[in-house]
Amino acid sequence: MMCRKKVLYFYLLLSTLLSHSFSSYAEELNEIVVLSSYHIGFKWTSDIDNAIIKSFEKDESTRLYHEFMDSKRFQNSEYFNLLKQTYQQKFKNHKINGVICSDNKAFEFFIENGSSIWGDVPAVFCGVNNIEDYTHLIDSTKHAVVLEKLDIFGTIDLITQLQPDLQEIIAISDQTLSGKIFTQQFIDGITPFSKNIAYKTLDASNPKLLKEQLEKTDPRGKAIYLLSLYTNRNGIANEMMKESQYFFSNVNIPVYSNWDFLMPNCIVGGKILKGSDQGTLAADLIMKLIKGQKAPLYTTPKQKFIFDQAKLDYYNLHVPETIANYQIINQPHNFISEFKQELLFLLIILLTLLLVITILISDMIKRKKIELDLIKSEKRLELAVDGANEGLWDIDYNSKEAYFNERFAILLGYNSTEELNLTFDNWIKNIHPEDINNLQQSYDKHKKGLDDAFRCEVRIKNKKDEYNWFSILGRITEQFNNEPHRITGIIQNINQQKIFEQELRQAKEKAEESDRLKSSFLANMSHEIRTPMNAILGFTDLILENNLNEDERNEYLTLVKKSGENLLTLINDIIDISKIESGQMKINFQMTDVHQMFKELQSLANSLIISLNKPIDFKISVEDIDQPYYIKTDQLRLYQILLNLVSNAIKFTENGFIEISYSNSKSDNIEISVRDTGPGISDHDKKIIFDRFRQIDESTIKKHGGTGLGLSITKSLTELMNGTISVKTPTGGGAEFIVALPC
């Protein structure tokens, strides 16, 4: 009662927010489509459907749509195309939160058409036994499967115990998708028994022939295993129960199966699979997926041995003692007839008690109605708070009690307030130590009347001992002599908001860093352009004076040519980065000889090494370099990528070697490696080395020159060719760049 009073008080306190809360609850309404493969009235489908309905009958926040595909009777592609169009029209204005698919055809239909009809929503597939063909399409983050896996081995073992003189098992199935799967499962299940028991499979596709075969079969030492029995006698798709009565009416052989809808008065028993279990599991799993909770990808309902007592008696069979957990149905005795007098006496006593109770509670009806109204109000308040995803808290200083509702516990990752275990004395322990002072200051401001409410943002520890950000809003609701006696409020998770703010700050810092780098780049670019231009103009003036000998003239012309080449390289880099930024860079795939490209790179690298006078060896680690090795790629851009990497390696390597190689361990991928024995690259520098306008440090620019565009262009070209580039530092030192391209 105390708890009810508290919640009622919260309700009065938050009455001004109810209209918003109810609208939030309406927005929280979950709409679920139950897509059944078969038709209304089909026993298996009805059991699954009814179990789903029962699971949600008390859930006011869930609305179910029941769709029946009728695929037992209509199976052509035009029909399913019309179904798709019908569902698209029917649900175009509905925001469906999840789909439950019952049996194989609904599962296949959803896999093919679900996203175009209902969108990318969570789905649960129950009654499915062909999942192996679609495992690559199953997403564990939004799908769950309730497997329809028959315990055929367990049922066969049961048959051998019930019928010790068993000689042969006759398996009956049909040509439906499920029937074919069950037939194969039967063959796999009976293989361990095949040394002592013969078996054969009969096909129900020809009803007349099947009936003749069964009626001619000698019943001695025989048992029938009914897997699937759907036929089209008289042009109508008939269910298994009806077909069983037709085929087995004149057959004196015990029949076993795994389906509960064949009981009673059809089969002796077996390891039974219930449609209601499939539906209950499917309902539980879809709500977990909709709520973003973790759900197992594959679930198999528990199966239980069930026997028909009338059939056991008819065939003089007895449940073996080795089976401990089983259920008996259709027992012959009538409890009412057996205890008729006792029941009549008990009924008189119950009626007398009922009359007395009715008289006693007549004066309590009004009070009871008030209590029911209170409970209803409490439920509405709880739904409103849950809809807003807020936790309630209440601190009473007089009684030293603290109240936290279930949503408060859930927000912190707990299943219940009992598991949360917060009290008046220990709740502060979950607040981050750095935020306690902020919490105290906010409370003092509200207590002194400087703020109309107690509000602050603090980090609170959850069940995983992780701190998440929460917004706390409260108000002193009871006080005496200006001293607070009670404070009540809510909390709301704002962790994502805090993360967004942090990302916004980082983006701002990155933008500022980008501005700085661009300014540095422009300053560096000015220097890089002026240097070759000054050389070209200066040496051109010297040549025009006509007082130079031939050797001097040739030397100056060589320097002019080299400066012009440097300037052209710089301009090409600027043009390339401009094309990449504007999306105008085109990739032309053609057959390219990798070995020939390596040879050309070797010639260019050796020339550059000689010009720089460095003691470096250039190695090509490839077998049969003289044999062509073709891949389909952009020859010009691949050469540009490798030339950039080789040039960089030569620039930063003072001695040792530079090695280029490739591997194709994956048939659809080639990895080209450029390795050097230079100074290597630190872990920090690896994070920025491919950024535009970035070099490892300012000293690199001063010592080696360059604009910081080379590796950025290389990375962009690699990605335009659908590849990746990475860098690592080998154990022996230096650096290794790896370009992985599809080929």
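This report describes the fold, selected local environments and salt bridges of a predicted model.

## Overall composition

The chain has 743 residues, of which 44% are buried. Its secondary structure comprises 24 helices and 25 strands. Among contacts with a separation of 6 or more, 66% are between residues 24 or more positions apart. The structure also contains 25 salt bridges, several of which are described below.

## The six-stranded sheet

Six strands form an open sheet in the order β2-β1-β3-β4-β5-β11, and their pairing is parallel. The edge positions are taken by β2 and β11 (298–299); each has a single partner strand, so one side of each lacks a neighbour in the sheet.

Within this sheet, β4 and β5 (residues 143–147) run parallel and are joined by five bridges. Cys 126 has Val 146 of β5 as its bridge partner.

## Helix α3 and its packing

Helix α3 covers residues 43–56, a total of 14 residues. From first C-alpha to last it reaches 20 Å, close to the 20 Å expected at 1.5 Å a residue. Its buried residues are Trp 44, Thr 45, Asp 47, Ile 48, Asp 49, Ala 51, Ile 52 and Phe 56. An α-helix has 3.6 residues a turn, so residues three or four places apart point the same way.

The buried residues of α3 pack against four strands, namely β1 (30–36), β2 (62–68), β3 (98–102) and β4 (123–128), and against helix α10 (275–290).

## Ser 102 in strand β3

Ser 102 belongs to strand β3. Its relative accessibility is 1%, so Ser 102 counts as buried. Apart from neighbours within four places in sequence, Ser 102 is in contact with Leu 35, Ser 36, Ser 37, Ile 48 and Cys 126. Of these contact partners, Ile 48 is one of the buried residues of α3, and Cys 126 is the residue whose bridge partner in β5 is Val 146. The side chain of Ser 102 also makes a polar contact of 3.1 Å with the side chain of Asp 103.

## Salt bridges involving strand β2

Glu 31 and Arg 63 form a salt bridge through their side chains, with an N to O distance of 2.8 Å. Glu 31 lies in strand β1 and Arg 63 in strand β2, so this pair ties together parts that are 32 residues apart in sequence. The two partners are assigned to separate accessibility classes: Glu 31 is buried, at 8% relative accessibility, whereas Arg 63 is partly exposed, with a relative accessible area of 39%.

A salt bridge also joins Lys 90 and Glu 67, whose closest N and O atoms are 2.4 Å apart. Since Lys 90 lies in helix α4 (residues 77–90) and Glu 67 in strand β2, the pair ties together parts that are 23 residues apart in sequence. Lys 90 is partly exposed at 43% relative accessibility, and Glu 67 is buried at 8%.

## Further ion pairs

Arg 459 and Glu 434 form a salt bridge in which the closest N and O atoms are 3.2 Å apart. This pair links distant parts of the chain, 25 residues apart: Arg 459 is in strand β16 (residues 454–461), and Glu 434 is in the loop between α16 (417–420) and α17 (436–447). Arg 459 counts as buried, at 18% relative accessibility, while Glu 434 is exposed, with a relative accessible area of 60%.

Elsewhere, Asp 394, Glu 478 and Arg 486 are joined into one network by salt bridges that share partners.

## Asp 593, a buried charge without a salt bridge

Asp 593 is located in strand β19 (residues 590–593). Although buried, Asp 593 has no salt bridge; the nearest side chain of opposite charge is that of Lys 599, 6.9 Å away. A polar atom of the Asp 593 side chain lies 3.1 Å from the backbone nitrogen of His 595. Not counting residues up to four places away in sequence, Asp 593 touches Pro 628, Tyr 629 and Tyr 630.

## Helix α21

Helix α21 spans residues 635–652 and has 18 residues. The distance from its first C-alpha to its last is 26 Å, close to the 26 Å expected at 1.5 Å a residue. At the start of α21, a side-chain oxygen of Asp 634 comes to within 3.2 Å of the backbone nitrogen of Leu 636.

The buried residues of α21 are Arg 637, Leu 638, Gln 640, Ile 641, Leu 642, Asn 644, Leu 645, Val 646, Ala 649 and Ile 650.

Notes: Residues numbered from 1 in each chain as written. Predicted model: local features only at pLDDT ≥ 70, side-chain atom pairs only at ≥ 80, totals over all residues. Heavy atoms only, no water. Helix = DSSP H or I, 4+ residues; strand = E, 2+ residues; numbered from the N terminus. Expected span 1.5 Å × (residues − 1). Buried < 20%, exposed > 50% of the residue type's maximum accessible area, 1.4 Å probe, protein only. Contact = heavy atoms within 4.5 Å. Lys, Arg positive; Asp, Glu negative; His and termini not counted. Salt bridge = Lys/Arg side-chain N within 4 Å of Asp/Glu carboxyl O. Polar contact = N/O pair within 3.5 Å; in protein donor to acceptor, adjacent residues only side chain to side chain. Pairing = 2+ DSSP bridges.
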